[in-house]
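The following exchange concerns a predicted model. Each reply sets a computed value against the criterion that applies.

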Amino acid sequence: MKSYSQTLTVTPNDLDELNHVNNVKYIEWVNQVAKAHWVTHATKQILDQYFWVLISHHIDYKQEIVLGQTVTLNTYVKSCQGVTSIRVVEILVDEKICAYSETKWCLIHTENNKPARITSEIITLFQ
């Protein structure tokens with residue numbers, strides 16, 4: 001599958017009281033890179049017709065991330081079936097995975113706000 005990456009630097013606003021990246025920030029990063037990947041590859045027509053909603057979210061935390069570190073968010077769609085897809089996000093520092101996320105998303109049609117079967121055109125965007 002096609003991957004997509006973003007790079008950022010950890011700021012004081014990303015930290016919790018233990019001076020490492022707050023768990024909520026990891027979730028924000030997962031959502032941020034997933035949305036950017038979708039918007040970057042989807043056509044205006046597809047974006048006008050569909051959007052994704054999060055069904056489930058799982059993160060494995062492997063190593064803390066601290067102030068000033070450069071973080072790479074790497075994402076790809078692992079699978080698509082029916083109306084749902086599984087997206088992987090790897091959160092890395094110096095090419096070492098610090099957190100690994102798998103999220104399940106449901107494609108929704110904007111016309112009726114109901115689940116929509118993932119089309120071959122959409123699947124092709126991420127292969």
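Q: What makes the largest set of 19 residues a nonpolar core?
A: The term applies because such a set consists of buried nonpolar residues joined through side-chain atoms within 4.5 Å. Trp29, Ile65, Val71 and Ile91 have the most contacts inside this core. Two or more residues come from each of β1 (3-9), α1 (23-41), β3 (70-81), β4 (84-93) and β5 (96-109), and α1 gives the most, with 5 residues. A second, separate core has 14 residues, including Ile46, Tyr50, Ala116 and Leu125.

Q: Why is the pair Glu28 and Lys25 called a salt bridge?
A: The closest N and O atoms are 2.8 Å apart; the limit is 4 Å, so the pair qualifies. Both residues lie in helix α1, 3 residues apart. Asp14 is linked with Lys25 and Glu28 in a network of salt bridges.

Q: Why is Lys25 called buried, whereas Glu28 is called partly exposed?
A: Lys25 has 17% relative accessibility, and buried means under 20%, so the term fits. Glu28 has a relative accessible area of 40%, which lies between the 20% and 50% cut-offs and therefore counts as partly exposed.

Q: How do you know that Lys44 is exposed?
A: Its relative accessibility is 60%; exposed means over 50%, so Lys44 meets the criterion. Lys44 forms a salt bridge with Asp48 (2.8 Å, N to O).

Q: What parts does the salt bridge between Lys78 and Glu102 tie together?
A: Lys78 lies in strand β3 and Glu102 in strand β5, so the pair ties together parts 24 residues apart in sequence. The N to O distance is 3.0 Å, within the 4 Å limit.

Note on methods: Residues numbered from 1 in each chain as written. Predicted model: local features only at pLDDT ≥ 70, side-chain atom pairs only at ≥ 80, totals over all residues. Heavy atoms only, no water. Buried < 20%, exposed > 50% of the residue type's maximum accessible area, 1.4 Å probe, protein only. Helix = DSSP H or I, 4+ residues; strand = E, 2+ residues; numbered from the N terminus. Salt bridge = Lys/Arg side-chain N within 4 Å of Asp/Glu carboxyl O.
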